[in-house]
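Here are my notes on the structure you sent over, as numbered points. Have the viewer open while you read.

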Amino acid sequence: MYNFGLDLLPTPRIRTYRVDRAGRAHRLATVPMWDLPWNHDFALTATYMVFVLDPILPNIPKIALAADSFIDALEFKSAKATRFLLVPKRGGRARIVEHDALLHMHLTNAYDDGDDVVIELVRLDTAWENVRAMTGMVNLATPDAPQFPQSRLMQYRITKAGAVVERELSHRSGEFPQYDWRRSTLEHCYSYLAGAGGPAGLFNALVKIDHRTGDATSCDLGASSVGEPLFVPRVPDAAEDEGWLLALNHDLTENRSQLLVLDARDLGKGPLATAWLNHHIPWGFHGTFTRRLADPGRPVRL
């Protein structure tokens with residue numbers, strides 16, 4: 001398991017570490033950064049921990065005085081650079097490559113391609129103030145609720161020479177990107193997202209992007225607020241996209257949440273099965289999937 005922490009004081013820095021299969025913690029690179037950004041996510045390749053550090057900087061006096069919420073104490077400095085931080089997973093010196101300022105929350109996958117490192121993310125095409133405003137009003141379907149921002153699924157290739165090559169995978173707006181986890185650290189062909197649209201610009205659709213063609217297919221869920229769609233293969237050696245999508249959806253009409261099961265290859269069919277809860281689960285819950293509860297005797301491959 002790989003993870004990171006942020007130190008604001010006394011010296012701003014990012015700490016990275018690895019926990020091995022025996023539960024022992026190992027320190028990796030510690031990277032001082034005077035302009036230490038807030039960071040939410042990272043990705044893994046076979047070689048690196050990959051961070052995309054946008055210039056979203058904490059206002060230390062606001063945090064120290066607790067005068068605002070944490071997100072209101074963050075400021076986006078568009079004149080500063082986004083930094084791609086590559087931390088070797090087996091130890092060694094970290095590498096930083098700068099790029100024009102980006103704004104994002106979630107990464108998808110990353111992989112090594114020869115000496116290049118490729119990373120994919122959802123880029124937000126909006127002002128930081130709009131992102132900050134929407135976080136507290138995400139489960140409303142009223143006309144005065146904030147619209148979800150326009151976004152694009154993007155790919156960034158970091159070359160050995162330190163260049164950053166940008167490629168748009170899809171212009172379809174969405175967030176919470178997911179993929180077939182068996183393709184982690186490898187190139188993948190399909191990404192699955194919660195799509196924007198419908199009442200008050202909510203994430204009320206599930207979207208699939210074909211990276212090879214840029215085509216987007218989707219399933220509209222009506223007055224809903226849906227989280228990330230998780231891919232589950234039909235069998236362990238199924239082809240990529242041969243399986244189901246699981247998504248936790250807050251139905252705003254019923255004010256209850258439901259677990260949806262869809263055919264990943266044909267989202268247009270709509271949900272194949274729906275499991276209702278008696279209550280709602282607030283937006284912001286990040287899902288995962290394991291076979292162990294459904295089949296406790298099944299051995300888990302590590």
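1. Let's start with the empty space. Keep in mind that this is a predicted model. Searching the whole structure turns up two cavities of 30 Å³ or more. The one I looked into is the second largest, with a volume of about 60 Å³.

2. What lines that second largest cavity? Its wall is made by Trp38, Asn39, His40, Val52, Leu53, Asp54, Ile56, His104 and Met105. Two elements give two or more residues each to this lining: strand 5 (48-53) and strand 10 (104-113). Sorted by class, the lining of the second largest cavity comes out as five nonpolar, three polar and one charged residues.

3. Asn39 is worth a click, as one of the residues lining the second largest cavity. Asn39 sits in the loop between strand 3 and strand 4. Is Asn39 buried or exposed? It counts as buried, because its relative accessibility is 8% and the cut-off for buried is under 20%. Asn39 also comes within reach of the start of the chain: the C-alpha atoms of Asn39 and Leu6 are 8.3 Å apart in space, with their positions 33 residues apart in sequence.

4. Leu6 brings us to the N-terminal strands. Three strands form an open sheet here, in the order 1-2-3, with antiparallel pairing. Why do the edges have a free side? Strand 1 (2-7) and strand 3 (25-32) each have a single partner strand, so one side of each is left without a neighbour in the sheet. From one strand to the next, the twist averages 20°. Strand 1 pairs with strand 2 (residues 13-19) over six bridges, in the antiparallel sense. If you want a landmark for that pairing, Phe4 is opposite Thr16 in strand 2.

5. Further along the chain, have a look at strand 15 (residues 190-196). Six of its seven residues are buried, so strand 15 is mostly covered. Which strands does strand 15 pair with? One is strand 14 (residues 174-178), antiparallel over three bridges, where Gly174 has Gly195 as its bridge partner. Another is strand 16 (residues 203-210), also antiparallel, joined to strand 15 by seven bridges. In that pairing, Tyr192 is opposite Lys208 of strand 16.

6. Now the charges. How many salt bridges does the structure hold? The count is 17. One of them joins the side chains of Lys80 and Asp35, at 3.0 Å from N to O. This pair links distant parts of the chain, 45 residues apart: Lys80 is in the loop between strand 7 (74-76) and strand 8 (82-88), while Asp35 is in the loop between strand 3 and strand 4. Lys80 is partly exposed at 36% relative accessible area, and Asp35 is partly exposed too, at 33%.

7. Arg152 and Asp125 form another salt bridge, 2.8 Å from N to O. It also links distant parts of the chain, 27 residues apart, with Arg152 in strand 12 (residues 151-158) and Asp125 in the loop between strand 11 (116-124) and helix 2 (128-134). Relative accessible area is 21% for Arg152, which makes it partly exposed, and 35% for Asp125, also partly exposed. Both residues belong to a network of salt bridges that links Arg123, Asp125, Arg152, Glu166 and Glu168.

8. Asp210 and Arg212 form a salt bridge whose closest N and O atoms are 3.2 Å apart. The two ends fall into separate accessibility classes: Asp210 is buried, with a relative accessible area of 14%, whereas Arg212 is exposed at 56%.

9. Last, some backbone angles to check. Most residues other than glycine have a negative phi. Thr185 has a positive phi, near 70°; it lies in the loop between strand 14 and strand 15 and is partly exposed, at 24% relative accessible area. Asn255 also has a positive phi, of about 55°, although it is not a glycine. Asn255 is in the loop between strand 20 (243-251) and strand 21 (256-263), and its relative accessible area of 43% puts it in the partly exposed class.

Methods
Residues are numbered from 1 along each chain as its sequence is written. This is a predicted model: local features need pLDDT of at least 70, side-chain atom pairs count only at pLDDT 80 or more; totals for chains, interfaces and linings use all residues. Side-chain values use heavy atoms; hydrogens and water are left out. Buried means under 20% relative accessible area, exposed over 50%, partly exposed in between (1.4 Å probe, protein chains only). Helices (H or I, at least four residues) and strands (E, at least two) are DSSP runs, numbered from the N terminus. Two strands pair if DSSP finds at least two bridges between them. Axes are lines fitted to C-alpha atoms, for helices over the stretch in contact, and angles run from 0 to 180 degrees between N-to-C directions. On a 1 Å grid over the protein atoms alone, a cavity is a set of points where a 1.4 Å probe fits but cannot get out, and a pocket is an open set with protein on both sides within 12 Å along at least five of seven lines; lining residues have an atom within 4 Å of a point. Grid points are joined across faces, edges and corners, and a volume is the space filled by probe spheres set on the points. Ala, Val, Leu, Ile, Met, Phe, Trp, Tyr, Cys and Pro count as nonpolar, Asp, Glu, Lys and Arg as charged, and the others, Gly among them, as polar. A salt bridge is a side-chain nitrogen of Lys or Arg within 4 Å of a carboxyl oxygen of Asp or Glu.
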